[in-house]
Amino acid sequence: MKIYLAIVRFLTHPWVGLVFRLIAGIVFLWASYDKILHPQAFLRIVHNYRILPPALEPLFALILPWVEFLVGLFLVIGLFTEASALLNVGMLVMFLVAIPSALLRHIDINCGCFSTAHSVKVGMDLIYRDILLLIPALLILFFPSRFLALDRLLAKNKGS
Amino acid sequence: MPKQKQPRRPWKSIVIQALALVVLAGVMGLGRNTLSSRPLPLFQPVNPLLIDTVGVRGLDSLQTREAWEKHFATFLDARKRELFKEGHIPGAKSLPLEDFDNALSQLTLPADSAYIIYCEGKDCEYSDLLAQRLYVLGYRKLAVFPGGLEEWIKGNHPVEK
């Protein structure tokens, strides 16, 4: 029980929360960069997954990278922290549906996770990585750290 | 436990904020697309190339390099002829999309050979379109190198003039 408490205390410590925010934020900022620069290439990847109706693919390919970008940015600076974490969880769950579905249908495609150029094939390792990324995302969502966060600054101003 | 912890935000406001973030992302994404020199067409299956060349593989730079070194395939340059003359992957043949029929008739390209098609870089679609045209003509051993000449040069690979 003591160990359990210590773990909870550690995971909900504001500094640790900040580290989680930085990890989750930077990963998503990094992931958005190449897709924003190359919408055409990202659209090709979205299409390869063959999940969305083709008519919605361009819209998805144009918007998703910017959601990743904003979520990444806001997690790093700590603004709208919970909302960003919620979207972070949502996107990871979405990837966790898309990747196994491609695997199950034996579609041999590029992941399109971080780069539109390099061929990182969709595989089990990506699933593990996504699950790993879900941990900080969920912790931020349920125990948001206001340490070095703009949210805290705004709340203070509001309060005074 | 942290002392300065604030009361949790209610879920409703979190969800509203999240939706607002998605809307903002939509404005940014669509805005950038509108301002872009080559915007993606919305609400329509982009261009048939994406549908019709599903069977065509995309190669990364390493695979392309290996194919080039081992002469696995003939390289086809889908760009305009002037650009081809300025520099291309050594051994590549010029098959400009804009002059497709004419250029194809001047080349000997057996339908059962393997071809790797490229154009300028990631955002050009000539290679996809060329792959599509060749596919329709019965060519099946086609691959596209989406990184194109830009990535080829970035990888310090030789360029022929």
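In chain B of this predicted model, strand E2 (residues 74-77) and strand E4 (residues 115-118) pair in the parallel sense over 4 bridges. Two strands are taken to pair if DSSP finds at least two bridges between them, and helices (H or I, at least four residues) and strands (E, at least two) are DSSP runs, numbered from the N terminus. Within this pairing, B:Leu76 stands opposite B:Ile117 in E4(B). E2(B) is also joined by 2 bridges to strand E3 (residues 93-94) of chain B, and these strands run parallel; here B:Leu76 stands opposite B:Lys93 in E3(B). Together with helix H4 (residues 81-86) of chain B, E2(B) and E3(B) make a right-handed β-α-β unit. Right-handed here means that, with the strands pointing away from the viewer, the path from the first strand over the helix to the second runs clockwise.

Residues are numbered from 1 along each chain as its sequence is written, and chains are lettered from A and ligands numbered from 1 in the order in which they are written. As the model is predicted, local features need pLDDT of at least 70 and side-chain atom pairs count only at pLDDT 80 or more, while totals for chains, interfaces and linings use all residues.

Chain A contains 7 helices and 0 strands. Of its 160 residues, 44% are buried; a residue is buried if 20 or more other C-beta atoms lie within 10 Å of its own, with C-beta atoms placed from the backbone.

The largest nonpolar core, a set of buried Ala, Val, Leu, Ile, Met, Phe, Trp, Tyr and Cys residues joined through C-beta atoms within 7 Å, has 42 residues, of which A:Ala24, A:Val67, A:Leu70, A:Val71 and B:Leu21 touch the most other members. Elements giving two or more residues to this core include helix H4 (57-77) of chain A and helix H1 (11-35) of chain B. The largest share, 11 residues, comes from H4(A). Not counting residues up to four places away in sequence, A:Val67 touches A:Leu87, A:Met91, B:Leu21, B:Val22 and B:Ala25. A second, separate core of 26 residues includes B:Cys124, B:Leu130, B:Phe145 and B:Leu149.

Between the chains, 34 residues of chain B are in contact with 36 residues of chain A, contact meaning that C-beta atoms, placed from the backbone, lie within 7 Å. H1(B) gives the most to the side of chain B that touches chain A, with 12 residues. The residues of that side divide into 19 nonpolar, 9 polar and 6 charged, where Ala, Val, Leu, Ile, Met, Phe, Trp, Tyr, Cys and Pro count as nonpolar, Asp, Glu, Lys and Arg as charged, and the others, Gly among them, as polar.

Key:
Buried ≥ 20, exposed ≤ 12 C-beta atoms within 10 Å, placed from the backbone. Contact = placed C-beta atoms within 7 Å.
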